[in-house]
Amino acid sequence: MTLNLRVEAKSCKSSGKIKGKKPPKAQCNQGNNSDCCEQGKYYEIYKCSPKVSARTKAVLTINGFGKGADGGGPSECDGKYHSDDTPIVALSTGWFNKRNRCFKNIIIHGNGKSVSAMVVDQCDSTRGCDKEHDYQPPCPNNIVDASRAVWKALGVPKKDWGEMDIHWSDA
């Protein structure tokens with residue numbers, strides 16, 4: 001068992017780093033307390049995510065999926081924007097699995113509750129700090145970036161929206 005854990009950890013190491021660039025004036029949307037890239041700061045990138053299990057540990061973050069929101073461009077699954085009143089998520093690159101989870105539901109467990117949400121986008125762990133990514137850093141490799149509908153369904157008070165440890169599984 002220990003050997004497998006080492007192999008699993010080894011298989012999801014950083015793929016490198018990218019150097020941050022200062023966003024052009026008013027080009028980084030800080031809605032939902034999103035971070036903007038910092039000039040000269042190095043950010044880890046990942047092509048993988050931790051192994052998916054029946055209780056995959058992750059960090060739930062909040063994302064805007066509508067046009068002009070902090071999520072950047074349209075969703076990667078269908079090239080469209082989506083309502084934040086719908087339970088939807090973007091998954092880190094490894095979990096997004098080259099669009100193989102597009103329009104599939106996952107079950108998110110957090111705050112003593114569960115909610116089903118549809119995967120509509122990737123939270124890019126391989127690139128960032130550019131116009132396409134709203135001048136935000138690359139996503140860590142363990143993110144479930146959720147609409148406000150997911151946070152509401154989990155019963156999290158609005159003042160606590162931002163980051164929360166959760167676990168998830170395929171529906």
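These legends go with a handful of close-up views of a predicted model.

**View 1. Cys-12 and Cys-48 join up as a disulfide.**
Let's start with the cysteines: searching the whole structure turns up four disulfides, and the one in this view is made by Cys-12 and Cys-48, whose sulfur atoms sit 2.5 Å apart. That pair links distant parts of the chain, 36 residues apart. Cys-12 is in the loop between α1 (2–10) and β1 (16–19), while Cys-48 is in the loop between β2 (42–45) and β3 (56–62). Now check the twist: the torsion about the S-S bond is about 105°, so this disulfide is right-handed. Are the two cysteines buried or exposed? Both Cys-12 and Cys-48 are buried.

**View 2. Cys-77 and Cys-102 make a left-handed link.**
Here the sulfur atoms of Cys-77 and Cys-102 are 2.1 Å apart, and the two residues form a disulfide. Cys-77 belongs to the loop between β3 and β4, and Cys-102 to the loop between α2 and β5, so the bond ties together parts that are 25 residues apart in sequence. The angle about the S-S bond is -85°, and the link is left-handed. How buried are the two ends? Cys-77 has a relative accessible area of 16%, and for Cys-102 the value is 15%. Buried means under 20%, so Cys-77 counts as buried, and so does Cys-102.

**View 3. Cys-123 and Cys-139 form another disulfide.**
In this close-up, the sulfur atoms of Cys-123 and Cys-139 are 1.6 Å apart. Cys-123 lies in strand β6 and Cys-139 in the loop between β6 and β7 (143–146), so the pair ties together parts that are 16 residues apart in sequence. As for the surroundings, both Cys-123 and Cys-139 are buried.

**View 4. Strand β6 pairs with β4 and also with β5.**
Zoom in on β6, which covers residues 113–123. Which way does β4 run relative to β6, parallel or antiparallel? The two strands are parallel, and five bridges join β6 to β4 (residues 88–92). To find one of these contacts, look for Ile-88, whose bridge partner in β6 is Met-118. With β5 it's another story: β5 and β6 pair in the antiparallel sense, over six bridges. In that pairing you can spot Ile-108 standing opposite Val-115 of β6.

**View 5. Asn-111 takes a positive phi in the β5–β6 hairpin.**
Follow the chain from β5 into β6 and you'll pass through a hairpin with two residues between the strands. What is the phi of Asn-111 here? Asn-111 has a positive phi, near 60°.

**View 6. Asn-97 and Lys-98 have positive phi angles too.**
Asn-97 sits in the loop between α2 (93–96) and β5 (105–110), and Lys-98 is found in that loop as well. Neither residue is a glycine, yet phi is about 55° at Asn-97 and about 50° at Lys-98. Which label fits each residue: buried, partly exposed or exposed? Lys-98 has a relative accessible area of 77%, and because exposed means over 50%, Lys-98 is exposed. Asn-97 comes out at 35%, so the label for Asn-97 is partly exposed.

Technical notes
Residues numbered from 1 in each chain as written. Predicted model: local features only at pLDDT ≥ 70, side-chain atom pairs only at ≥ 80, totals over all residues. Heavy atoms only, no water. Helix = DSSP H or I, 4+ residues; strand = E, 2+ residues; numbered from the N terminus. Buried < 20%, exposed > 50% of the residue type's maximum accessible area, 1.4 Å probe, protein only. Pairing = 2+ DSSP bridges. Disulfide = S-S within 2.5 Å.
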